[in-house]
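Reader: Hey, got a minute to walk me through this one? I'd like to get a feel for the fold before I head back to the bench.

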Amino acid sequence: MLSTIGVGILNVFATVLALLIMDKFDRKKMLTVGSVGIAISLVLLSFSSSFHFSTSAILRHVTLCCLCIYIFFLPLAGDIQCG
């Protein structure tokens, strides 16, 4: 329950930040920064998930940080949709 609230607050913060900086930067730069941030977070998430030590507290924190980074950069990229 607490993690859901934290993710929601992070998403609202990132969306408000994206709305505020949308006028200062063009769409291409925001899409590039958002896409690179999303790619980095997903690569780190895949590396942390590939280890078989999933019960380790460090890997749980790394996974949580990667998901938070992903959620932060998603509004900057304009919610990229495939297809």
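Author: Sure. Keep in mind that this is a predicted model. A good place to begin is the outward side of H1, where Leu2, Thr4, Ile9, Val12, Phe13, Leu19 and Leu20 are exposed.

Reader: OK, and which residues of H1 are buried?

Author: Those are Leu10, Ala14 and Ala18. They sit on the same side of H1, because they cover an arc of only 70 degrees around its axis.

Reader: Why would residues spaced like that point the same way?

Author: An α-helix has 3.6 residues a turn, so residues three or four places apart point the same way.

Reader: What covers the buried residues of H1?

Author: The cover includes helix H2, residues 27–50, and helix H3, residues 57–76.

Reader: Let me back up. How many helices and strands are there in the protein?

Author: Three helices and zero strands. From the N terminus on, the order is α-α-α.

Reader: How far does H1 reach, end to end?

Author: H1 covers residues 2–21, and its first and last C-alpha atoms are 29 Å apart, close to the expected 28 Å for its 20 residues. For H2, the 24 residues should span 34 Å at 1.5 Å a residue, and the end C-alpha atoms are 34 Å apart, which agrees.

Reader: Which residues are buried in H2?

Author: Met30, Gly34, Gly37, Ile38, Ser41, Leu45 and Ser48. The buried residues of H2 pack against H1 and H3.

Reader: Ser48 catches my eye. Why does Ser48 count as buried?

Author: Its relative accessibility is 7%, and the cut-off for buried is under 20%.

Reader: What does the side chain of Ser48 have for a polar partner?

Author: A polar atom of the Ser48 side chain lies 3.0 Å from the backbone oxygen of Leu45. Leaving aside neighbours within four places in sequence, Ser48 is also in contact with Leu59, Val62 and Thr63.

Reader: Switching topics: how many disulfides does a search of the whole structure find?

Author: Zero. The sulfur of Cys65 has its closest cysteine sulfur in Cys68, 6.4 Å away, and that is too far for a bond. Cys68 is in no disulfide either.

Reader: Are those two cysteines buried or exposed?

Author: In between. Cys65 is partly exposed, with a relative accessible area of 47%, and Cys68 counts as partly exposed at 28%.

Reader: Now the end of H3. What's Leu76 in contact with?

Author: Leu76 is in helix H3 and is buried, with a relative accessible area of 10%. Setting aside neighbours within four places in sequence, its contacts are Ala18, Ile21, Met30, Leu31 and Gly34.

Reader: How far apart are Leu76 and Ala18?

Author: They are 58 residues apart in sequence, but their C-alpha atoms are 5.4 Å apart in space. Ala18 is one of the buried residues of H1, while Met30 and Gly34 are among the buried ones in H2.

Reader: What share of the contacts in the protein join residues at least 24 apart?

Author: Among contacts between residues at least 6 apart in sequence, 74% do.

Reader: Last one: what about burial and surface for the whole protein?

Author: Of its 83 residues, 19% count as buried. The accessible surface comes to about 6300 Å², and 75% of that belongs to carbon and sulfur atoms.

Methods
Residues numbered from 1 in each chain as written. Predicted model: local features only at pLDDT ≥ 70, side-chain atom pairs only at ≥ 80, totals over all residues. Heavy atoms only, no water. Helix = DSSP H or I, 4+ residues; strand = E, 2+ residues; numbered from the N terminus. Expected span 1.5 Å × (residues − 1). Buried < 20%, exposed > 50% of the residue type's maximum accessible area, 1.4 Å probe, protein only. Arc of directions from axis to C-beta. Contact = heavy atoms within 4.5 Å. Polar contact = N/O pair within 3.5 Å; in protein donor to acceptor, adjacent residues only side chain to side chain. Disulfide = S-S within 2.5 Å. Areas by Shrake-Rupley, 256 points an atom, 1.4 Å probe, with all protein chains shown as cover.
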